[in-house]
Amino acid sequence: MRPTNKLITPKQVAQAIGVSESSLKRWCDRGVLSTVRTAGGHRRLALESVFEFLRQSGQPLVRPELLGLPSNTGQPPTVPFRAREQMFAALVAGDEDQCRRIVFDLYLSGKSACEICDGVLAPALHQIGARWECGDVAIYRERRACEIASKTLHELRLAIRAPSIEAPVALGATLECDPYRLPTEMIEVVMRELGWNATSLGTQLPVATLIQAVRDSQPRLLWVSVSCVVSIPGFLDGYTLLQRAATEVNTVVAVGGRALTADLRQRMTYAAYCDTLNHLAAFATSLTSNSGRKPSCDKVED
Ligand code: B12
């Protein structure tokens with residue numbers, strides 16, 4: 001089982017964390033762990049609420065595989081400052097389980113999705129790019145690393161509580177000619193962790209269809225991830241149309257990505273430019289804590 005089978009039995013959880021089933025049921029009765037009932041009246045626990053409990057309580061995992069995690073999760077615990085190097089090695093080696101272990105070790109020890117993405121996954125991929133440039137990492141390894149990172153992000157997303165019905169909506173994507181999918185996938189996960197109903201629409205979207213999505217959903221926030229610009233005039237024309245359409249429905253636009261040079265940014269209008277996911281998280285939080293107030297800055301600083 002991977003963290004996609006979202007409802008699990010109290011027995012599985014008790015075995016995973018090494019306590020008796022009766023202790024676990026007591027915790028459930030006291031509301032320490034939330035449960036749902038099946039149609040037949042049996043108690044079940046949502047995997048994301050078990051993860052939340054583990055993050056808050058620091059309770060060690062005895063049999064992580066019962067929660068769909070690699071069996072060596074947390075044994076020994078991943079030391080955050082080593083995680084980046086370990087992630088680089090795991091990605092280059094194509095070791096998907098090790099990559100999942102590092103991510104879930106960090107997540108269960110209380111690190112946010114934002115910290116994991118900005119601080120571990122992205123730097124490991126940057127290092128892969130640098131080593132590819134010198135000819136030290138073969139192209140297939142780089143592509144495989146990208147696939148593994150994407151799959152692991154997907155699992156992390158499933159470990160996060162689903163957005164509530166009143167959650168503010170955010171949409172995002174990359175525009176035509178930009179195939180870089182990891183930044184937009186990371187943003188979806190980070191925004192969902194912040195309680196947003198966030199959806200990445202994917203990569204290489206024609207501007208017209210993204211405008212249609214904005215009009216249909218009228219999100220509170222639209223992110224545009226820009227890792228690659230093939231034609232500057234073409235990009236600016238498309239982006240301007242999109243930004244205007246967003247303004248018409250009161251959608252705030254946040255932009256970021258390695259291709260957004262200072263020169264390009266000067267010719268764009270946006271509510272926030274973010275270097276990191278942490279910047280975006282701060283900006284998104286300011287939107288929900290001052291709902292109704294227009295953001296006053298163009299760039300969110302650390
Ligand atoms: C994987 C990869 C690819 C894959 C991408 C696959 C995919 N489907 O995503 C593919 C195969 C497409 C590819 C192709 C190429 N690539 Co490439 N690629 C990479 C690599 C190794 C990783 C990219 C990645 O996902 N990084 C992880 C992300 C998460 O990091 P990030 O982009 O920095 O994002 C972080 C922040 O910038 C920020 N952020 C980013 N976007 C946004 C958006 C918002 C709204 C916010 C808030 C924040 C934010 O948050 C993120 C987390 O911290 C990079 C190395 C690198 N430095 O990243 C090279 C790299 C970008 N590629 C490079 C090159 C040269 C190419 C090619 C030209 C190679 C070739 N000869 O064909 C082509 C060009 C393709 C194109 N059309 O542009 C160079 C670019 C050099 C340069 N000066 O521009 C790099 C830097 C490698 C290198 N060191 O030489 N590549």
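Which residues does L91 touch, not counting residues up to four places away in sequence? I looked this up first. L91 touches C99, A124, I128, A145, I148 and A149. I note here that the model is predicted.

**Entry: the core around L91**

I then asked where L91 belongs. L91 is among the residues with the most contacts inside the largest nonpolar core. The others listed with L91 are M87, V190, V253, A254, L280 and A284. This core has 81 residues. Helix α6, residues 113–133, gives the most to the core, with eight residues. I set a general point beside this: nonpolar side chains in soluble globular proteins tend to be buried together.

**Entry: overall build**

I counted secondary structure next. The protein comes to 12 helices and eight strands. I checked the dimensions too. Along the principal axes, the C-alpha atoms fill a box of roughly 65 × 50 × 35 Å. The radius of gyration is 21 Å. A compact globule of 302 residues would have a value near 19 Å, so the two agree.

I looked at burial over the whole protein. Of the 302 residues, 38% count as buried. I also looked at how far apart in sequence the contacts reach. Taking contacts between residues at least 6 apart, 72% join residues at least 24 apart.

**Entry: domains**

I read off the domain assignment. It gives domain 1 as 7–61, domain 2 as 80–159 and domain 3 as 169–289. How many Å separate the centres of domain 1 and domain 3? Taken over C-alpha atoms, the separation is 38 Å.

**Entry: the ligand shell**

I turned to the ligand. It is surrounded by 32 residues. The closest are G129, P183, G256, G257 and C274. I listed the elements that give two or more residues to this shell: α6, α7 (139–159), α8 (182–193), β6 (221–225), β7 and α12 (277–289). Helix α6 supplies the largest share of the shell, 10 residues. So I meet α6 twice: it also gives the most to the largest nonpolar core.

I sorted the shell by residue type. There are 20 nonpolar residues, seven polar and five charged.

Why does the ligand lie between domain 2 and domain 3? Both domain 2 (80–159) and domain 3 (169–289) give residues to the shell, so the ligand lies between them.

**Entry: V252 in β7**

I picked a residue from β7, one of the elements in the shell list. V252 is found in this strand, which covers residues 252–256. Is V252 buried or exposed? I found 20 other C-beta atoms within 10 Å, so V252 is buried. The cut-off for buried is 20 or more, so V252 meets it. I also took the distance from V252 to W223. Their C-alpha atoms are separated by 8.5 Å, and the two residues are 29 apart along the chain.

**Entry: two positive phi values**

I checked the backbone for positive phi. As a general rule, most residues other than glycine have a negative phi. Two glutamines caught my eye. Phi of Q204 is near 60°, a positive value. Q204 sits in the loop between β5 (197–200) and α9 (207–217). Q204 counts as partly exposed because it has 14 C-beta neighbours inside 10 Å.

Phi of Q218 is near 45°, also a positive value. Q218 lies in the loop between α9 and β6. With 14 C-beta neighbours inside 10 Å, Q218 counts as partly exposed.

Terms used. Residues are numbered from 1 along each chain as its sequence is written. This is a predicted model: local features need pLDDT of at least 70, side-chain atom pairs count only at pLDDT 80 or more; totals for chains, interfaces and linings use all residues. Helices (H or I, at least four residues) and strands (E, at least two) are DSSP runs, numbered from the N terminus. A residue is buried if 20 or more other C-beta atoms lie within 10 Å of its own, exposed if 12 or fewer, and partly exposed in between; C-beta atoms are placed from the backbone. The radius of gyration is taken over C-alpha atoms; the globule rule is 2.2 Å times the number of residues to the power 0.38. Two residues are in contact if their C-beta atoms, placed from the backbone, lie within 7 Å. A nonpolar core is a set of buried Ala, Val, Leu, Ile, Met, Phe, Trp, Tyr and Cys residues joined through C-beta atoms within 7 Å. Domain bounds come from an automatic or database domain assignment. A residue is near a molecule or strand if its C-beta atom, placed from the backbone, lies within 6 Å of it. Ala, Val, Leu, Ile, Met, Phe, Trp, Tyr, Cys and Pro count as nonpolar, Asp, Glu, Lys and Arg as charged, and the others, Gly among them, as polar.
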